Amino acid sequence: VLVGEHCKVCMNQKKEKPVLSGQRIKTRKRDEKEKYDPVAFRDAVLQGFNECGGDLDKLSKYLDIAGAKLDYRRYAETLFDVLFAGGILAPGGTIVEDVEGDRPYRTDFCLFHSGSDHKDLRSFYEVFFKLIRRYKYLDKSFQDELKKLILFLKGFTSEEREKLAITYGIFLASGLGNAACLSALFEDHLVKDGLALTFATHVFRAWLREKDMGHVASTLKRAGIEGTLMNLLPINKRSAETFEKHFKEAGLGSIVDYQKAKASAEVKRELQKEVEEMIKEEEPVKEMIVSVKDYTRKHGINEHEAVVMIWNTVMNAVEWNKKEELVWEQALKHLRVYAPLMAALTSNPRSELSLLVKIQEFCYDNMVFMKQFQKIVVLFYKADVLSEDSILKWYKEAHTAKGKSVFLDQMKKFVEWLHNAEEESEDEED
């Protein structure tokens, strides 16, 4: 029995396996890391490019097939470097030369050595389009490449920069590139030397050849750079006059109009913030009138635009009662205070009609005010914000479709009263 128990104990103990000296540990194939070798990838690509004989259709077919053999995902940057510049780009924009042997390290079959005509560059665009459509995972690397090339502009020749800019315009017009890459143009070294402005000019010219200004504006807005175009100019030349002169001479008047609109919108936002702050601080209306008039005069804001903005700001400054029977008392008290401010900005019929239409739209969009439209108009008539002629013109022809029947019905008796008052006035004059 003892011997049996002893045997059981021995069997339960783990015996160490003998290890042979020089034993080889086998590594799984998936754990083996292949050496990163962009030069070898470049050599393979260059050989394929040379076999295409300068034919872009053959190049597209080669890139389509080669993706099954070559690791595009790992060497995407190298692939795009070759397509754009003909070889691997070192920091700064120079081509990396091969120090070993006499093998070729670059090719002339690339964008930089293509024709400079818009049509030629559009043909080269098709190569990029077909490649990324076939291998969608290349898109992220392509966007990074677009930004990198802008940072390297100083290292390229003026001819290469122009070809690149035109191609960027085609990319952005076709939706292949992301306009966020243009943010790299605002780097100090590019702005200071005028490279940013020249490059952007070529981009916009090519872009507008493909699409209209609406497409350019919406794309810049999505990229978050719609209000930064003035920063393309060097600091010592950064003015609206210089911007306008440069782009008009380049035949890009639509860019000038766009910039003016953006600048005007920014100025209006600043005025709105200032008025909001003055209302919040309950500053005297007389002081507000002086401040607003000075600001609009200084920045060239039209009166009809200013009065609409003031109306919006004044009405948004209050949390209105949800009950129709109580909201008018609240509105009457509030509007009586700021009526003189709006009266100061309605010195012409256009301003008055703009305000009237805005009041109509406000009352339509805010249901609690649907029955208060006529009361607001009468209040503003008595406060010299709106004139008799403007009210009558609005009633006859200048109103909008929003709530038209409701508001015209509300105004019917008041308009009749205005007509009668006008006739009595004419009789007294006679």
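**Buried positions, a helix face and salt bridges**

With a relative accessibility of 14%, H304 counts as buried, because this value falls under the 20% limit for that class. The model examined here is a predicted one. H304 is part of helix α14, which covers residues 303–316. When residues up to four places away in sequence are left out, H304 touches R350, S351 and S354. With R350, the side chain of H304 also makes a polar contact of 3.2 Å.

Helix α3 was examined next. This helix runs over residues 56–66, and its buried residues are L59, S60, Y62, L63 and A66. These residues lie on the same side of α3, because they cover an arc of only 160° around the axis. An α-helix has 3.6 residues a turn, so residues three or four places apart point the same way. K61 and I65 are on the other side of α3, where they are exposed. The partners of the buried residues of α3 are three helices: α2 (38–51), α4 (76–85) and α5 (118–134). At the N-terminal end of α3, D55 acts as a cap. In this cap, a side-chain oxygen of D55 lies 2.9 Å from the backbone nitrogen of D57.

Cysteines were considered in turn. C52 is buried, with a relative accessibility of 5%. C363 is likewise buried, its relative accessible area being 0%. A disulfide is a covalent bond between the sulfur atoms of two cysteines. When pairs of cysteine sulfur atoms within 2.5 Å are sought, the count of disulfides is zero.

Salt bridges were then searched for in the whole structure, and 19 were found. One of them joins K260 and E244, with the closest N and O atoms 3.7 Å apart. This pair links distant parts of the chain, as K260 belongs to helix α12 (residues 253–280) and E244 to helix α11 (residues 240–249). In sequence, K260 and E244 are 16 residues apart. K260 has a relative accessible area of 45% and is therefore partly exposed. E244 is partly exposed as well, at 24%; its value does not fall under the 20% limit, so E244 does not count as buried.

A salt bridge also forms between the side chains of R269 and E266, with an N to O distance of 2.6 Å. Both residues are in helix α12, and because they are three residues apart, about one helical turn separates them. R269 is partly exposed at 41% relative accessibility, and E266 is partly exposed with a relative accessible area of 35%.

In helix α13 (residues 285–299), D294 and R297 are likewise three residues apart, about one turn of the helix. Their side chains meet in a salt bridge of 3.0 Å, N to O. D294 is partly exposed, with a relative accessibility of 40%. R297 has a relative accessibility of 58% and therefore counts as exposed, since the limit for that class is over 50%.

Salt bridges also link residues into a network, whose members are E77, D81, E145 and K148.

Technical notes:
Residues numbered from 1 in each chain as written. Predicted model: local features only at pLDDT ≥ 70, side-chain atom pairs only at ≥ 80, totals over all residues. Heavy atoms only, no water. Helix = DSSP H or I, 4+ residues; strand = E, 2+ residues; numbered from the N terminus. Buried < 20%, exposed > 50% of the residue type's maximum accessible area, 1.4 Å probe, protein only. Polar contact = N/O pair within 3.5 Å; in protein donor to acceptor, adjacent residues only side chain to side chain. Contact = heavy atoms within 4.5 Å. Arc of directions from axis to C-beta. Salt bridge = Lys/Arg side-chain N within 4 Å of Asp/Glu carboxyl O.
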